[in-house]
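The following exchange introduces a protein structure to a reader who has not met it before. Please consult the sequence and the model while reading.

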Amino acid sequence: MTGHPRPQRAAPAATGMAAAALERAARHAPFLRGLIHAEEALVALLEQGRFDEAVELALARLATPPPATAIRRARAGIALTVAIADLAGAWPLERVTAALSDFADRAIEAALGAALSERGIPSPQGLAILALGKLGSRELNYSSDVDLIALHDPARLAVGPGRDPDEEAIRIVRRMTAFLAERTADGYGFRVDLRLRPDPDSTPLSLRLAAAESYYQSQALMWERSAFIRARPVAGDLAMGAAFLAGLDGFIWRRSLDYSAIAEIGEVSVRIREHYGEVERFGPGYDLKRGRGGIREVEFFAAVHQLVHGGREPALRAPATLDALAALARAGRIGPAEAATLASAYRDFRTLEHRLQMVADQQTHTIPRLAAERRQIAGLMGAAGWEEVARAIEPQTRAVARLYDRLLRGEAGARAAARIPLEEQAIRRWAAASRIAEPELLAQLLSTWRSGRPRSLRAPEALAAFEAVAPRLVKRVASGRMGRAGLVRLDTFVKSLPSGVQFWRLLEAHPSLADLLARLLSETPYLADALAARPDLFDVAIDPPAPLASLEAALEELPPAPATAQGLEPFLDRIRRATAERRFRIGIDLIEGRRDALDAAAELSLLAEAAIVRVGEAVTRLFEARHGRVPGSELVTLGLGRLGGRALTPQSDLDLVFVFTGDFAATSDGENPLGASTYFNRLAQRLVSALSAPTAQGPLYAVDTRLRPSGAQGLLAVSLRSFERYQEQEAELWETLALTRARPISGSPEARAAVGCTLERLLSVPRDPSEVRRHALEMRLLMETHKPPAGPWDVKLIRGGLVDLEFVIGARALERGLRVPTDLDGAAAMVAPDLRAPHRLLMTVLVLLRLILPASASASPDAAATALLARTCGNTGVAKLRADLLEARRAVLRAFDEQFGTRRG
């Protein structure tokens with residue numbers, strides 16, 4: 001407060017308002033009247049509206065010993081100054097609460113300093129005082145107590161020889177509390193509440209730092225998490241306190257959307273309402289803080305949304321309630337009208353709360369039952385009578401209660417299903433009524449789940465939430481197209497969840513998410529297996545990321561390359577997690593019909609490209625640390641096939657070819673030098689291994705390098721000159737055809753440009769169109785012989801399918817000396833406009849089949865899978881989809897026959 005500019009003379013209006021405030025205070029508040037009579041010097045400043053100077057004068061008293069007297073005399077000055085500035089309307093609520101909080105900080109600091117001095121301890125190092133509650137958020141009310149937690153590090157606390165640091169810390173905190181809270185002839189400084197520490201009946205007044213860290217990171221409860229939203233260090237070793245709080249970020253702010261906060265805070269709310277609910281509606285006896293629609297419900301409303309979303313959105317972590325409401329509205333987590341209603345109510349409630357406390361300096365929140373006392377409050381507020389106050393406040397309590405009730409109620413109440421029975425025979429009857437074909441398996445699984453053996457169901461709250469959502473979830477999973485396999489996947493999922501209270505309560509509150517989980521477990525093995533192995537993937541179903549619009553955006557999602565070899569495995573695991581989450585979200589969008597299949601294929605390709613770049617950076621950095629660099633040379637990764645055409649499916653492997661620029665006869669300059677060819681072949685092998693090696697997180701991508709010069713018999717990496725010479729002198733036409741969709745993926749811009757120019761030259765060589773058609777046709781017929789279609793739904797290999805279409809486009813591009821654009825849809829538009837619509841449908845079916853079925857079974861889907869495929873493609877039924885596919889294939893076959901001069905009907 002001492003940092004505010006000092007006004008030399010108050011404006012006449014401010015002086016008039018201050019005089020009126022002093023008059024109201026003396027008439028209606030006995031506590032303030034006593035201060036006015038005792039504080040002549042302060043009153044002289046206040047009469048002139050010089051509030052900042054009055055604050056400085058009051059704070060200066062803290063420097064005059066003895067400490068207990070100094071704190072109480074300073075508090076009297078602050079109490080009078082803040083009250084008159086508040087009553088005069090000179091300070092808004094935020095300034096009032098900040099002034100009270102700032103003084104509390106100073107008083108606690110003074111009390112701790114005095115306690116340390118008495119014990120002969122020169123420095124507070126190793127002892128930190130944390131403020132929680134309203135002091136923590138700098139929202140202290142007029143007669144509030146202060147919620148504190150004391151922490152000490154025995155190794156850092158500078159106690160004298162022979163003294164036990166734990167005992168010393170307790171003595172210091174006890175003495176600090178006495179300086180603040182004991183009543184003397186001068187009153188008291190602050191009531192101190194130390195009960196927010198863990199298990200206050202059995203733990204010491206000051207907690208060991210290590211024990212506190214262990215407790216809050218492993219055992220703490222929801223209400224403790226909520227309390228720490230507003231925690232900050234206020235005295236003692238501030239750096240130690242700040243470091244402790246920083247270490248609790250993962251405890252307070254969960255990355256997973258924390259809907260358990262709603263249920264647990266809701267339970268607290270019910271208990272509070274029951275305890276303080278004698279007077280439900282605003283009026284005599286109503287508790288303004290804890291009553292229905294009161295201050296606490298505004299604070300809880302903000303805290304719930306912060307806990308739910310703050311783990312992913314740091315901007316929501318504002319400690320003060322008004323700041324939190326504004327941040328939530330800016331982020332779109334609550335509506336602007338809701339935020340405005342709650343903020344306005346909060347300001348008015350807190351203002352009235354202060355008036356209640358100013359009368360007699362009591363920590364009260366209750367509307368007086370006596371009419372005379374209510375008239376006092378109305379007089380302090382400058383109202384004509386209590387009815388005027390009630391008309392302003394009562395509608396706001398109703399509005400807050402409505403919003404808070406809606407938050408707690410969610411969607412669960414109206415949609416709750418009957419629980420699954422407990423007895424085995426009753427389970428069988430329930431299963432029969434629900435058309436579940438595996439009652440024995442269901443009874444067995446339910447027995448395991450209800451035993452509490454799965455980690456996600458050990459807590460009673462988790463099991464209760466699961467029981468509420470189980471009927472809906474089990475019916476949809478067991479009656480899905482996978483039946484028994486779906487139930488088995490659900491069992492794997494339940495057993496894989498590390499904890500369950502938040503998750504099951506989330507599904508209970510949002511049945512649509514339970515339905516989505518059931519669909520994933522019962523309709524698509526690809527996503528179901530991923531989810532069963534990694535239940536945390538469901539987070540991206542709850543809070544989906546924005547689609548990737550560029551390679552730069554994809555790279556930003558992936559971690560940077562590690563500096564040491566020890567960091568490579570954790571780095572690769574983070575890459576695997578990030579790509580798995582993104583691929584899982586794309587799969588959900590496809591199943592839900594929210595994503596165009598070609599857009600999904602392009603995004604999958606961007607993601608793979610970014611992974612290649614990041615993994616390549618990591619592998620290259622570590623390789624260079626051992627072997628140095630080859631001067632003037634670097635490795636360039638070429639993407640071919642679906643990666644080159646940005647047309648990956650969810651189960652595509654990556655067709656990669658490696659070339660290096662510069663002189664193949666050069667040698668690297670490191671401690672263990674290698675010749676260029678050996679150097680880049682080893683580097684390429686490490687890159688392939690890093691991309692494809694399975695770990696605890698699973699493999700990143702399957703890699704196919706057989707399109708390199710000389711195929712599987714050739715070197716993994718060749719020089720750019722060797723690559724060019726091979727393509728010019730030895731390559732068969734199908735190998736050149738593959739280059740029409742090749743593009744450089746990784747490497748410096750200069751190296752990629754050099755390789756790109758080489759590709760352009762190789763493709764622009766004039767060719768006899770008849771020779772191109774003859775060789776391409778021979779290759780396609782040979783491929784058909786050795787790799788025939790697996791069934792009528794094999795849209796890739798069937799006649800008139802994607803491979804035929806790609807041969808048409810590739811041959812037309814090669815005849816013209818062109819590279820195919822990076823998306824096959826654009827390529828169709830460029831060289832085969834008549835194939836654009838067929839390509840879109842065939843590609844859509846391929847992407848969805850790869851998602852719905854394993855690659856080995858996607859050519860012969862069952863009836864349920866084809867029904868899902870038709871629905872996801874937007875068709876009215878399987879018959880319509882078959883007809884559309886037949887028409888698309890006919891269009892491709894016409895183009896094929898026209899291109900290659902043959903009839904393949």
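Contact here means heavy atoms within 4.5 Å. This is a predicted model, in which local features need pLDDT of at least 70 and side-chain atom pairs count only at pLDDT 80 or more, while totals for chains, interfaces and linings use all residues. Residues are numbered from 1 along each chain as its sequence is written, and side-chain values use heavy atoms, with hydrogens and water left out.

Q: Of the contacts in the protein chain with a separation of 6 or more, what percentage comes from residues 24 or more positions apart?
A: The chain comprises 905 residues, and buried residues (under 20% relative accessible area, with exposed over 50% and partly exposed in between; 1.4 Å probe, protein chains only) make up 57% of them. Among contacts with a separation of 6 or more, the share from residues 24 or more positions apart is 73%.

Q: How many helices and strands does the protein chain have?
A: Helices (H or I, at least four residues) and strands (E, at least two) are DSSP runs, numbered from the N terminus. The secondary structure comes to 41 helices and 10 strands.

Q: Which helix gives the most to the largest nonpolar core?
A: A nonpolar core is a set of buried Ala, Val, Leu, Ile, Met, Phe, Trp, Tyr and Cys residues joined through side-chain atoms within 4.5 Å. The largest has 160 residues, of which W504, F538 and V615 touch the most other members. With 16 residues, the greatest contribution to this core is that of helix α30 (residues 597-627).

Q: Why does L490 count as buried?
A: L490 belongs to helix α23 (residues 484-496). Leaving out residues up to four places away in sequence, L490 touches W449, L473, V474, V477 and L521. L490 counts as buried because its relative accessibility is 0%.

Q: Which side chain of opposite charge is nearest to E735?
A: E735 is located in helix α34 (residues 733-738). Lys and Arg count as positive and Asp and Glu as negative, with His and the chain ends not counted. Although buried, E735 has no salt bridge, that is, no side-chain nitrogen of Lys or Arg within 4 Å of a carboxyl oxygen of Asp or Glu. At 9.9 Å, the nearest side chain of opposite charge is R708.

Q: What distance separates C-alpha from C-alpha in L490 and A518?
A: In sequence, L490 and A518 are 28 residues apart. In space, their C-alpha to C-alpha distance is 8.3 Å.
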